[in-house]
Structures are given as structure tokens and as C-alpha cells.
Amino acid sequence: MHSPTTSVHAPAHASLSRLVGNTPVLHISEPFAPDGRGFWAKLEGFNPGGIKDRPGLHMVERARARGDLRPGGTVVESTSGTLGLGLALAGMAYGHPVTLVTDPGLEPSMTRLLTVYGAQVDIVTEPHPTGAWQQARRDRVRQLLAERPGSWCPDQYGNPDNVAAYTPLALELAAQLGHIDVLVCSVGTGGHSAGVSRVLRQLFPGLRLIGVDTVGSTIFGQPARARLMRGLGSSIHPRNVAYEHFGEVHWVAPAEAVWACRRLAASHYATGGWSVGAVALVAGWAARTLPAHTRIAAVFPDGPQRYLETVYDDAYGEEHGLLGVVPAPEPDVLERPDEKEALRWTRCTQVTDPLAAAAQGPAAVEGAR
């Protein structure tokens with residue numbers, strides 16, 4: 001017998017929404033920083049599907065309130081995995097079919113999980129000539145929207161509701177830690193780094209935001225390359241990235257992220273996927289190099305479950321050259337993001353929007369030098 005909140009006629013948004021948020025923080029010290037130093041990790045893997053449960057629910061809720069998404073309309077979106085879980089949750093909560101466009105890099109276990117949560121998974125078969133799999137997925141989304149009247153796309157890359165969805169996360173962090181000097185976030189669509197930093201900068205005006213990207217990502221002006229890591233990085237330029245908020249950016253290579261993921265698991269019983277490893281590596285460096293009293297918060301977007309076939313699989317690691325690599329204690333340094341291609345952990349304190357710089361022409365680039 002269905003309860004009133006879970007029947008077909010009354011979606012279970014009230015009870016399902018309560019599963020999301022109020023995630024714990026954990027202090028991370030050795031082996032990432034000496035005893036007495038460290039950083040606070042916000043463990044978003046405690047949400048049912050990870051950090052993107054927050055924007056999944058919020059974007060659908062706001063679209064319904066505006067009338068952009070009508071009752072029973074289909075939600076269609078591109079995803080590398082985690083937002084797919086959030087949208088599957090939102091579809092279940094608000095009574096909407098969900099179609100998720102992904103690519104062959106999605107883990108088979110994630111495809112099965114999204115399917116059992118009721119989503120239809122549509123896999124593109126060929127990368128876009130310049131925008132790679134990401135642009136191929138977005139092109140397929142546009143095609144499906146045209147074929148399905150009444151369907152709606154959240155457009156996570158440019159939707160301001162994606163940014164606004166992280167206000168509760170920022171307020172949770174502020175309440176849990178009392179004061180924050182440095183925030184370390186991975187960057188993919190740009191949503192959580194923009195949303196969390198916007199609120200925390202109002203509460204703590206001196207806040208420094210450190211962005212964490214992957215090698216081969218174009219977000220901060222590096223050349224586009226095939227990328228092994230999912231969940232951070234991009235082959236396009238998402239408009240939700242708040243370039244003006246960042247004090248610096250770090251690029252991390254896959255083997256370095258795997259090392260950090262596995263060290264986290266062995267030392268703190270709290271770990272996750274590619275983004276978590278990359279963020280932990282950079283946050284640990286900040287904890288070692290900044291003054292001892294600096295309070296550092298780092299966002300861990302998910303847990304380890306979906307990565308058992310990749311990050312935590314020795315055969316996969318051997319195949320992709322991910323094992324036995326110990327990151328250097330310090331990153332390489334670039335004066336400008338376009339100075340040279342980052343192939344290992346690298347940092348740069350000059351952060352600009354590559355599209356804005358390109359629009360201004362060579363004079364702007366010369367002036368930045």
C-alpha cells in the first residue's frame with residue numbers, strides 16, 4: 001500500500017529531499033599534512049548520489065516553479081555520471097521521466113545504477129571533432145529535445161540554478177567550521193565552486209578559492225586532450241565557472257589522483273573518486289605550506305563506490321599506468337595558463353576566462369604578461 005507521499009499522484013519530494021544535505025566534515029591530516037596541520041573535508045558522498053543531488057533537485061524544482069518544466073515532462077541532460085544520479089532522484093521525487101545522455105567512458109556499474117533508478121541512459125557513439133565526448137553528448141541532448149515536445153534540459157553548464165543550489169552547502173560549512181580562510185574545490189561545470197565561494201566570500205571576505213582541474217582540460221586555458229578522469233575538467237568552457245573568484249588553479253594528473261584516493265582510504269576511511277583524490281592532493285599541499293593557523297575547507301564531491309572498477313581496480317590501474325606513481329611534494333608552477341602544457345601536478349596563480357581573453361585579442365594576452 002502506497003503512503004500519501006509516495007503514491008503516483010503525490011511524488012515523494014518531501015521525504016526524498018530530506019535525504020540530501022547536512023553532510024559531515026572530517027579533519028584530514030597525515031599523510032597529506034604533518035600532525036597538527038591538515039584540512040577539513042566536506043563529505044558530499046554522504047548524499048544518496050553525491051554532491052550533485054543538490055543541483056539535481058534544485059534545478060528541477062525551480063524549473064517547475066517557473067513553468068519551464070510542466071508536470072510529467074521529460075528531463076533530458078548530458079552527464080558523466082554524478083549529476084545523472086541527482087536528476088534520477090529529482091525525477092523520482094517530482095514525477096518526471098529522465099533521459100541521461102552519456103558516453104562509453106561511463107562505468108558499466110553506473111549505467112546499471114542509473115537504469116534501476118528509473119532513468120533512460122542514451123550513449124553517444126562518436127566524439128565531436130573538437131568538443132570531444134562532452135560536445136557530442138550536448139548535441140545529442142538538443143536532438144532529443146527536438147524530438148520530444150514538452151521535454152526540458154537543465155543545462156548544468158550555464159544554468160544559474162546550478163550555482164544557487166550550493167548555498168545550503170556553503171552555510172553548512174560555515175556553521176560546521178566557524179571560519180574558513182581557504183576553500184579547495186574541483187571544477188567541472190563550475191557550479192559548486194561558484195555557488196559555495198559566492199556565499200562564503202560574503203561571510204569571510206578574505207576567503208581564497210583554489211580550483212582543481214585535470215590535465216587535458218580547457219577550462220582554465222590549457223589545450224584540450226583526451227581525459228581519463230571523470231567528474232572534473234571539460235573540453236568546453238562552461239559559463240558557470242566564476243573565474244574572478246579563483247586565487248589560483250591546479251591541474252592534477254590521473255595517477256596522482258589515484259595515489260591520493262588510495263592513501264585517503266588507507267588512512268581516513270573516507271575517500272572517493274577522481275575529484276576527491278585531486279582535491280585532497282591540493283588541499284594537503286595548502287595545509288603543509290600555508291601558516292599553521294589557516295583553516296582550509298575542501299569539498300569531496302562523492303564516495304568510492306562508482307570507482308571500484310577504475311580508481312580502486314589494480315588491473316585497470318596497471319593498464320592505464322596509474323599505479324606506483326608518487327606525486328612530487330610540490331607542484332610545477334606556470335606564470336600563465338598558456339605558458340606550456342601541464343602533464344603532471346601544476347599550479348598557476350593567474351586565472352582568466354579563456355573565452356574572454358580570446359575575444360579581446362592578442363593585446364589582452366600581451367597585457368596579461
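1. Thr102 has Ile123, in strand β5, as its bridge partner. Strands here are DSSP runs of E with at least two residues, and helices are DSSP runs of H or I with at least four, both numbered from the N terminus. The model is a predicted one, in which local features require pLDDT of at least 70 and side-chain atom pairs pLDDT 80 or more, while totals for chains, interfaces and linings take in all residues. Residue numbers start from 1 along each chain as its sequence is written, and side-chain values rest on heavy atoms, with hydrogens and water left out.

2. Strand β4 (residues 98–102) is joined to strand β5 (residues 120–123) by 4 bridges in the parallel sense; two strands count as paired if DSSP finds at least two bridges between them. Val101 faces Asp122 of β5 in this pairing. Between the two strands, the chain passes through helix α4 (residues 108–116), and the resulting β-α-β crossover is right-handed. That term applies if, with the strands pointing away from the viewer, the path from the first strand over the helix to the second runs clockwise.

3. These strands belong to an open sheet of 3 strands, ordered β3-β4-β5, with parallel pairing. Because β3 (75–78) and β5 each have a single partner strand, they form the edges, and one side of each is left without a neighbour in the sheet. Direction ignored, neighbouring strands are turned against each other by 20° on average. Such angles lie between axes, which are lines fitted to C-alpha atoms (for helices, over the stretch in contact), and run from 0 to 180 degrees between N-to-C directions.

4. A further open sheet has 8 strands in the order β1-β2-β9-β6-β7-β8-β11-β10, and its pairing is mixed. Its edge strands, β1 (25–28) and β10 (332–334), each pair on one side only. From one strand to the next, the twist averages 25°. Within this sheet, β6 (residues 182–186) and β7 (residues 208–214) run in the parallel sense and share 5 bridges. Val182 is placed opposite Arg208 of β7.

5. Helix α10 (residues 274–289) lies across β2 (39–43), β6, β7, β8 (246–252), β9 (296–300) and β11 (346–348). Its direction is at about 170° to β9. Contact, here and below, means heavy atoms within 4.5 Å.

6. The axis of α10 also comes within 7 Å of that of helix α9 (residues 254–268), and the two cross at roughly 85°. The two helices are therefore roughly perpendicular; that label covers 65 to 115 degrees, whereas angles under 35 count as roughly parallel, those over 145 as roughly antiparallel and the rest as oblique. On the α9 side, the contact includes Pro254, Trp259, Cys261 and Leu264, and on the α10 side it includes Trp274, Val276 and Leu281. The contact residues divide into 12 nonpolar, 1 polar and 1 charged. Nonpolar here covers Ala, Val, Leu, Ile, Met, Phe, Trp, Tyr, Cys and Pro; charged covers Asp, Glu, Lys and Arg; polar covers the others, Gly among them.

7. Helices α2 (residues 53–66) and α3 (residues 82–94) cross at roughly 45°, and their axes come within 7 Å. This angle makes α2 oblique to α3. The crossing is right-handed, a term used if the near helix is turned clockwise from the far one by less than a right angle, anticlockwise being left-handed. Among the residues in contact are Asp53, Glu61 and Arg64 of α2, together with Leu83, Leu89 and Tyr94 of α3. By class, 11 residues of this contact are nonpolar, 2 polar and 3 charged.

8. Helix α7 (residues 167–177) packs against helix α8 (residues 191–203) at about 40°, the axes being 8 Å apart. The pair is therefore oblique, and its crossing is right-handed. In this contact, Thr167, Leu169, Ala170, Leu171, Leu173 and Ala174 of α7 meet Val196, Arg198, Val199, Leu200 and Leu203 of α8. The composition is 9 nonpolar, 1 polar and 1 charged residues.

9. Two backbone details in loops deserve a look. The peptide bond from Glu30 to Pro31 is cis, with omega near 10°, and Pro31 is placed in the loop between β1 and β2. Asp155, a residue other than glycine, has a positive phi, near 50°. This residue lies in the loop between α5 (132–147) and α6 (160–164).
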